[in-house]
Amino acid sequence: MPDNPADPPRTGPIDAEILDRIAAHLKRSARFDEVNARPEYAPNAVVADYDLGYFPGGVTRAYFRIRWFETDDFSIHYAEHYQTENSWECRWDRHPNDHNTREHFHPPSDAPTLGDDADYPDEWQDVLATVLTRLDERIEAFWTE
């Protein structure tokens, strides 16, 4: 509950147990070169770096960063960085806000603050499967276009 009733509701504390489970799940995937649960530079997240062998030349980093809260709110930010210093990014979110419904998607290529309202599954495993499927489609498109 916010201190001031006029303040927007908050996401609550990070769910460290879920973050550890997400990291363990991602470490079993061949997609990633490195998975870090709550690294020093992002103690509230899991950061997973893709194996760049899945991407065409010119991609210098592809990763996603997951924050999961005890309220089952979340933020999953995906980004690709290119040799040109440009980037492509998007974000799946479930949290209180004043720009969209609680569940929304910030579309590529720059994940603008006004996103698209969305519906996500309740369980973290299903949310993660949804996101990984979308990212697999993104990666496959590099090789079929």
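**Nonpolar cores and the setting of S75**

In this predicted model, the largest nonpolar core holds 32 residues, of which L26, Y50, F64, I66, Y78 and W92 touch the most other members. A nonpolar core is a set of buried Ala, Val, Leu, Ile, Met, Phe, Trp, Tyr and Cys residues joined through side-chain atoms within 4.5 Å. Buried means under 20% relative accessible area (1.4 Å probe, protein chains only). Two or more residues each come from α1 (16-27), β1 (32-37), β2, β3 (59-68), β4 (74-82), β5 (87-94) and α2 (124-144). Helices (H or I, at least four residues) and strands (E, at least two) are DSSP runs, numbered from the N terminus. Helix α2 gives the largest share, seven residues. A second, separate core has five residues, including A42, A45, V47 and A79.

Residues are numbered from 1 along each chain as its sequence is written, and side-chain values use heavy atoms, without hydrogens and water. Local features need pLDDT of at least 70, and side-chain atom pairs count only at pLDDT 80 or more, whereas totals for chains, interfaces and linings use all residues.

S75 lies in strand β4. S75 is buried, at a relative accessible area of 7%. Its side chain makes a polar contact with the side chain of D93 at 2.9 Å. A polar contact is a pair of N or O atoms within 3.5 Å; within protein, one must be able to donate a hydrogen and the other to accept it, and residues adjacent in sequence count only if both atoms are side-chain atoms.

The protein averages a pLDDT (the predictor's confidence in each residue, from 0 to 100) of 92, and 94% of the residues score at least 70.

Key. Buried means under 20% relative accessible area, exposed over 50%, partly exposed in between (1.4 Å probe, protein chains only).
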